[in-house]
Amino acid sequence: MKKIISTVLILMSCTLAFSQDDEIITIIPEMTRYWQKAEPNKIDGQWNFETKTGVEKLFFGDFNAKVEFFLLPSFESSYGFRLIENADGSYAIEAMRIGNYDEVEASTSKKYPSFGVPAEVAFFVFSDEKLSQEIGRFNGEMWAKRSKERLELYRVDKTIAPVTDAFAEKLYTKIVSSIATAQDELKSKDILVDGMAVTFRCIVGDDLWTFKYHGPEGEFLQLTELCTRIVNDIEAGTFKESSYPWI
């Protein structure tokens, strides 16, 4: 009995963990913890956005930048940045964040409520196959509607900071190198049901490299923390290249 109840609660936690549903699910294809792909940067002269999720397209849906960083927390606002080259050849980092996350989550959750099952009755509910399927179908429909409307309501706040060519090149090289050697660093493809999911993307020659990691560890956790600090510093107006001597 205890084993059955534990299994039910684990299944429930897996469902509830994906608060941003399709974003978490599609950010790591095949539901492994990490995934990478090299593909053409352009197809028939058009930017290739195939690996970008709905929220990523809100951030980076107009063009592919030399470097793109995107972080999707479990229950907080998404944020990221891109390294852009200006028309005069200079560089800048554009930090981005969903500025109205809490309001949108509250309004869409109220408009499209999901059906929660208290732990004390979970066993009885999920023992009824027809009832459990109906709950799953209902919640799936609500989450799909909630996800679609979120994308229509989210506001992306942007802050730009100029950077030197040297800093831009070092940041680019660091991320390209990390993606190129990822398979040598990563050991496990076990699945997580919660935690942040991160995307690193860069242009290499005519290709677009994308690396997605759910629950980053080791070098990629350090890289995630570095990129997060860059976003926070730019937004706070305290960004200084001299504060990043290790890049």
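Reader: Hi! How do the axes of H7 and H9 cross, and how many Å apart do they come?
Author: In this predicted model, the axes of helix H7 (residues 165-180) and helix H9 (residues 218-236) come within 11 Å and cross at roughly 150°. Angles over 145 degrees count as roughly antiparallel, so H7 is roughly antiparallel to H9.

Reader: Nice. Is the crossing left-handed or right-handed?
Author: H7 passes H9 in a left-handed crossing.

Reader: And which residues meet there?
Author: From H7 there are Phe167, Leu171, Lys174, Ile175, Ser178 and Ile179. On the H9 side they meet Glu219, Phe220, Leu223, Leu226 and Ile230.

Reader: What's the mix by class?
Author: The contact of H7 with H9 has 8 nonpolar residues, 1 polar and 2 charged.

Reader: Switching to the sheet, then. What is the strand order?
Author: It's an open sheet of 7 strands, ordered S1-S9-S8-S4-S5-S6-S7, with antiparallel pairing. Strand S1 (34-40) and strand S7 (156-163) are the edge strands, and each pairs on one side only. From one strand to the next, the twist averages 15°.

Reader: Which strands does H7 touch?
Author: H7 packs on the sheet and touches S1, S4, S5, S6, S7, S8 and S9. The direction of H7 makes about 110° with that of S8.

Reader: Back to S1: how many bridges does it have with S9?
Author: S1 pairs with strand S9 (residues 207-214) over 7 bridges, in the antiparallel sense.

Reader: Say I click on Trp35. What is its bridge partner in S9?
Author: Look for Lys212, the bridge partner of Trp35 in S9.

Definitions and conventions:
Residues are numbered from 1 along each chain as its sequence is written. This is a predicted model: local features need pLDDT of at least 70, side-chain atom pairs count only at pLDDT 80 or more; totals for chains, interfaces and linings use all residues. Side-chain values use heavy atoms; hydrogens and water are left out. Two strands pair if DSSP finds at least two bridges between them. Helices (H or I, at least four residues) and strands (E, at least two) are DSSP runs, numbered from the N terminus. Axes are lines fitted to C-alpha atoms, for helices over the stretch in contact, and angles run from 0 to 180 degrees between N-to-C directions. Contact means heavy atoms within 4.5 Å. Angles under 35 degrees count as roughly parallel, over 145 as roughly antiparallel, 65 to 115 as roughly perpendicular and the rest as oblique. A crossing is left-handed if the near helix is turned anticlockwise from the far one by less than a right angle, and right-handed if clockwise. Ala, Val, Leu, Ile, Met, Phe, Trp, Tyr, Cys and Pro count as nonpolar, Asp, Glu, Lys and Arg as charged, and the others, Gly among them, as polar.
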